[in-house]
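Colleague: Please put the model up. I would like to go through some helices and single residues with you.

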There are 2 protein chains.
Amino acid sequence: MSVYQPPLQSLRFLLNAVLRAPEALAEAGWEDLSADLFDEVLAQAGRLVTDRLLPLNLSGDEEGAAVVDGGVRTPAGFAAFWQIWRAGGWAGLAGDPAYGGQGMPAVLDTLVTEMLCAANLAFSITPGLTQGAIRALAAHGDAAIKGWCLPPMIAGEWTGAMALTEPQAGTDLGLLRARADPDPAGGFRLTGQKMFISAADHDWTDNLVHLVLARLPDAPPGTRGISLFVVPKRLADGARNGWSVLSVERKMGLHASPTCVVSYDGALGWLVGAPHRGLTAMFTMMNHERLFVGLQGVGVGECAAQSALAYAQERLQGRAPSESKGGGTDQPADPIIRHPDVRRMVLTARALTDAGRALAAWTALWLDRAEKSADPSLRQEAEDWAALLTPIIKAAGTDFGFEAAVLAQQVMGGHGYIRDNGVEQLVRDVRATQIYEGANGVQALDLVQRKLTLHGGRPLARLVAAVEAALADLAADPATAALAPPLRDGLERLRACAAWLTAAERGPRDAAAGASDLLRLAALVVYGWMWALMAVAAARRPAGYDPAFLDARVGLAGFFMERLLPETAALEARARGGDASLRGPGLAEDLAALQG
Amino acid sequence: MSVYQPPLQSLRFLLNAVLRAPEALAEAGWEDLSADLFDEVLAQAGRLVTDRLLPLNLSGDEEGAAVVDGGVRTPAGFAAFWQIWRAGGWAGLAGDPAYGGQGMPAVLDTLVTEMLCAANLAFSITPGLTQGAIRALAAHGDAAIKGWCLPPMIAGEWTGAMALTEPQAGTDLGLLRARADPDPAGGFRLTGQKMFISAADHDWTDNLVHLVLARLPDAPPGTRGISLFVVPKRLADGARNGWSVLSVERKMGLHASPTCVVSYDGALGWLVGAPHRGLTAMFTMMNHERLFVGLQGVGVGECAAQSALAYAQERLQGRAPSESKGGGTDQPADPIIRHPDVRRMVLTARALTDAGRALAAWTALWLDRAEKSADPSLRQEAEDWAALLTPIIKAAGTDFGFEAAVLAQQVMGGHGYIRDNGVEQLVRDVRATQIYEGANGVQALDLVQRKLTLHGGRPLARLVAAVEAALADLAADPATAALAPPLRDGLERLRACAAWLTAAERGPRDAAAGASDLLRLAALVVYGWMWALMAVAAARRPAGYDPAFLDARVGLAGFFMERLLPETAALEARARGGDASLRGPGLAEDLAALQG
């Protein structure tokens with residue numbers, strides 16, 4: 001009973017009516033990209049994932065990944081789908097044409113990736129990691145590494161994984177111990193154990209690479225002594241490199257995605273970027289992955305929102321409260337979508353999902369603008385947006401994706417708890433996205449401690465100005481004017497709360513104590529801004545869309561403003577509780593006396 | 001890495017210092033109950049569940065329940081633990097001594113039951129259902145039924161289950177079709193299919209009974225044509241009765257608890273209570289189960305809060321922000337409990353759990369007061385409290401138990417997602433409690449549509465008066481005076497929001513549209529009230545408790561007031577959005593154009 005259809009009208013409306021992506025890309029120097037081309041690409045990708053990949057989601061969860069004969073075996077059908085996907089050029093959709101890619105913009109790749117995630121979250125991890133590895137190697141690898149790795153990765157003949165975590169070093173990478181010793185014959189020999197390595201091995205391709213963080217013999221301690229290496233599965237002569245997967249974890253969800261313990265036993269690797277500067281290079285990959293993981297949340301949210309609506313339209317149960325008694329129907333009960341509390345849940349899942357998608361696409365379009373432009377102010381603006389919005393996209397995309405999945409399950413009642421109905425899998429799978437790739441609390445710290453004050457607060461000032469512009473557009477049209485006041489209130493709260501948390505007289509603990517609340521406050525305001533853009537675009541009644549769909553865009557925006565934005569008041573008050581609220585009487589540093 | 005120790009000091013503090021249960025029970029006519037007796041009972045139960053039942057939690061999840069040879073087989077060790085539990089008299093702890101019970105008060109039974117739930121949620125379901133079935137049979141069965149069923153049920157030789165749901169009849173029991181035809185030889189023959197029947201069969205005992213809702217041949221349609229029957233597994237001669245378990249569901253969690261599809265094929269049953277009045281009789285059971293399910297949430301919350309704290313005290317990762325630079329330690333990193341965002345999560349799980357327990361025990365003590373008293377005003381007051389607080393205990397206990405489990409998982413990062421570490425099982429298991437026994441949205445409708453206006457609003461007026469009394473106590477002691485203002489604000493919001501939702505000019509849709517927000521608002525205020533009671537009691541510095549524990553009670557109360565109560569502002573605003581916020585432009589009755 002989990003339902004997914006590619007939301008093509010929504011995607012088209014977002015790309016063309018809201019973002020005006022074809023025009024924006026043409027202005028920024030992209031050639032030959034039309035709305036028709038985008039439509040065709042999205043329709044093809046949508047067909048492929050729903051016809052061929054979605055049917056593997058439940059079976060993949062049942063079968064899971066396993067270590068067999070020293071290698072990882074993924075569930076039936078996964079390797080075959082990868083062949084279809086890569087043969088269609090999808091692995092290189094946004095890849096550099098110089099290395100065989102299709103050269104499509106990130107905004108289009110974003111929407112295709114969301115569909116992949118919606119159809120099968122566990123499958124999406126390997127391609128998602130590969131895209132990030134490609135970006136890191138393209139940005140930091142030397143010509144030899146690029147010429148060696150990028151063509152097969154963009155062709156989908158190899159995949160990429162990131163190997164950071166060790167048992168004692170998770171969020172705190174400064175603690176990592178893996179070693180890299182120069183090999184007299186060239187390259188480095190890597191030694192150490194890594195854990196929680198997604199897609200470290202599989203049976204989709206003959207070869208793959210790990211991007212591994214390790215320490216050179218002369219490395220200083222801490223994060224300034226970490227270097228990045230590219231470590232293949234097979235060496236140039238086809239021989240197996242010196243690492244192995246010791247086990248795959250048994251997890252709550254994402255069973256089809258192998259989460260590996262990897263032992264490096266003198267594995268041969270090559271340095272990427274400068275010695276001891278590996279974390280900087282890795283952040284190219286991590287920043288891509290954070291955007292990708294946010295999309296994972298949006299994809300699950302889409303499937304959840306569709307599933308909740310379909311169930312609520314079909315399931316007959318109880319009489320909905322009616323303003324006009326005795327209207328009645330000839331059915332024994334009403335569809336539960338008519339019950340206000342069920343409507344609330346269905347609308348919430350939908351409103352959170354569509355705004356999350358819009359934000360991801362909006363940000364991707366900025367990256368596209370910067371890519372082809374020589375204009376430094378445009379590039380600076382794109383960097384500002386990416387810096388400020390990445391932690392929000394990652395944390396809000398996944399938190400709200402989880403909330404949408406839990407709401408869908410609740411709409412379905414007991415049926416939502418049954419395995420074969422699929423929605424409980426969405427909950428189990430998406431739960432990981434709030435944890436991996438920098439737990440959402442880490443994203444909040446990144447936002448509060450670094451991004452709010454970056455360049456003297458310039459990115460935040462851009463955001464405030466953009467929301468104010470959207471408020472003016474809302475107010476200018478009678479069809480949307482009522483949407484402005486709640487968004488204006490939310491923006492004021494964000495501004496006041498950010499100023500409070502970053503004020504000079506505040507200690508570092510206060511900022512940390514309010515970080516998660518501030519991130520959620522910022523996310524709600526940013527999502528409200530996205531709904532403002534969507535409502536303004538819909539109120540212009542563009543041609544080519546179902547009029548009822550356009551009406552519902554405005555209705556959903558109103559729902560978001562009236563029902564979801566009020567939480568910002570609570571979040572501001574909580575964030576301003578400061579560190580003192582976590583250290584009251586008896587709440588000693590280690591909370592030793594917390595329980596009895 | 002999931003951790004559980006019986007929280008004996010907390011339980012003792014709650015019973016003696018907060019509730020003054022021994023004195024209150026003595027005043028209400030209970031004899032021979034001392035604080036020492038309670039201590040001994042709680043310590044014994046705590047030892048038993050941690051030594052013998054907790055170790056079966058993970059293995060039970062792995063093995064699951066299954067249909068084998070036409071009967072349900074539960075995981076290894078479950079049946080054996082039931083024998084230990086019942087042999088110790090625990091199945092009849094609060095049972096009527098006239099039928100072999102121990103005659104202990106509900107307030108004590110509540111705390112024992114919470115420990116059972118904390119140690120093994122899946123196991124707790126069968127005893128929890130049995131207790132409710134005992135109450136329904138005691139209240140509505142005739143002397144023959146009581147004499148036949150109650151002694152073995154109270155002895156734990158039989159268990160009880162409730163058989164309500166059918167494929168087309170979940171929340172809406174008026175749609176149920178199961179039939180009961182008089183048997184010429186006495187009793188009734190039941191025919192039909194039920195689903196989602198927990199503990200309909202197992203291998204713990206030779207016999208068990210179902211309380212089944214079905215229609216007599218002359219039944220009117222709807223809920224006024226439903227009768228209640230007691231249907232055993234084995235008849236007096238030992239022969240198997242005419243029902244069978246067709247299958248057990250595969251679920252997200254609670255794998256060790258069989259959720260059965262049951263076919264009744266002329267099974268012999270006996271009427272309980274009056275014909276066509278079965279729903280009233282069943283509500284005796286359901287009201288008990290709602291309190292029990294709320295406790296399930298508290299029990300999981302306790303295990304989650306302990307697990308989160310233990311992990312956060314041990315795990316070294318990163319440097320916590322410090323107000324005094326250079327204090328430092330000789331460890332490579334700080335325990336993560338020192339990171340403000342981690343403290344926030346640990347404190348939240350703890351604060352929600354302790355208040356939930358206090359509320360459940362407070363309500364149980366009222367039921368105890370009423371039981372032995374002939375004073376009609378006391379009985380009326382107990383009924384008012386139970387009516388008003390039952391939906392809050394059920395919904396808030398389970399919603400906050402789920403939140404605590406999710407927070408604990410987040411504190412543990414990737415380790416929280418791994419199966420063998422246990423906390424992910426808490427999330428999967430407790431998720432069901434928000435759905436079954438009346439989904440939490442149904443509890444919200446019960447609160448708003450029935451309980452707020454019951455007896456002219458008398459129960460709500462009692463609550464407001466009780467919170468005001470607690471506010472006066474807080475204000476009277478300098479150690480707690482600062483806690484009062486946020487709780488006073490919350491109470492005002494509850495009063496205003498309840499008045500708005502139940503005003504004569506509001507339609508039934510508005511009340512339904514705001515129900516879930518109102519319930520959560522009420523829950524936060526009620527939990528704040530419980531924290532006020534705990535803080536006032538701790539500030540009196542009673543003897544016999546760790547002084548640091550008492551200090552931390554006040555600190556936790558402050559955390560609750562400052563960090564969790566502000567959400568009430570948002571909830572009031574959301575609830576007052578009314579039905580109009582769910583029916584904006586384009587949001588047609590069936591939401592046909594919601595997605596594209």
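What follows is a run of short questions and answers on this structure.

Modeller: This is a predicted model, in which local features need pLDDT of at least 70, side-chain atom pairs count only at pLDDT 80 or more, and totals for chains, interfaces and linings use all residues. Residues are numbered from 1 along each chain as its sequence is written, chains are lettered from A and ligands numbered from 1 in the order written, and side-chain values use heavy atoms, with hydrogens and water left out.

Colleague: How are helix α15 and helix α16 of chain B oriented, parallel or antiparallel?

Modeller: Helices here are DSSP runs (H or I, at least four residues; strands are E, at least two), numbered from the N terminus. Axes are lines fitted to C-alpha atoms over the stretch in contact, and angles run from 0 to 180 degrees between N-to-C directions. Helix α15 (residues 484-502) and helix α16 (residues 508-539) of chain B pack at about 155 degrees, with axes 9 Å apart. That makes the pair, α15(B) and α16(B), roughly antiparallel (angles over 145 count as such, under 35 as roughly parallel, 65 to 115 as roughly perpendicular, the rest as oblique).

Colleague: Which residues, by class, make the contact of α15(B) with α16(B)?

Modeller: Contact means heavy atoms within 4.5 Å. On α15(B) the contact includes B:L487, B:L491 and B:R493, and on α16(B) it includes B:D510, B:L518 and B:W529. Ala, Val, Leu, Ile, Met, Phe, Trp, Tyr, Cys and Pro count as nonpolar, Asp, Glu, Lys and Arg as charged, and the others, Gly among them, as polar. The classes are 13 nonpolar, three polar and two charged residues.

Colleague: What span does helix α3 of chain A reach from its first C-alpha to its last?

Modeller: The expected span is 1.5 Å times one less than the number of residues. Helix α3 (residues 35-53) of chain A has 19 residues, with 27 Å expected. Its reach is close to that, at 26 Å.

Colleague: Is A:V41 buried or exposed?

Modeller: A:V41 sits in helix α3 of chain A. Apart from neighbours within four places in sequence, A:V41 is in contact with A:W90, A:L93, A:L108 and A:V112. The cut-offs are under 20% relative accessible area for buried and over 50% for exposed, with partly exposed in between (1.4 Å probe, protein chains only). At 13% relative accessibility, A:V41 is buried.

Colleague: Which elements of chain B help cover the buried residues of α12(A)?

Modeller: Nine of the nine residues of helix α12 (residues 423-431) of chain A are buried, so the helix is largely enclosed by the rest of the structure. Among them are A:E424, A:R428, A:D429 and A:R431. The cover from chain A includes α4, α7, α9 and α11. From chain B it includes α11 (376-411) and α12 (423-431).

Colleague: What is the relative accessible area of B:E437?

Modeller: B:E437 lies in the loop between α12 and α13 (440-451) of chain B. B:E437 is not a glycine, yet has a positive phi of about 60 degrees. B:E437 is buried, with a relative accessible area of 15%.

Colleague: Which residues does A:R369 touch, not counting those up to four places away in sequence?

Modeller: A:R369 is in helix α10 (residues 340-372) of chain A. A:R369 counts as buried, at 18% relative accessibility. The residues touched are A:A24, A:A28 and A:L378.
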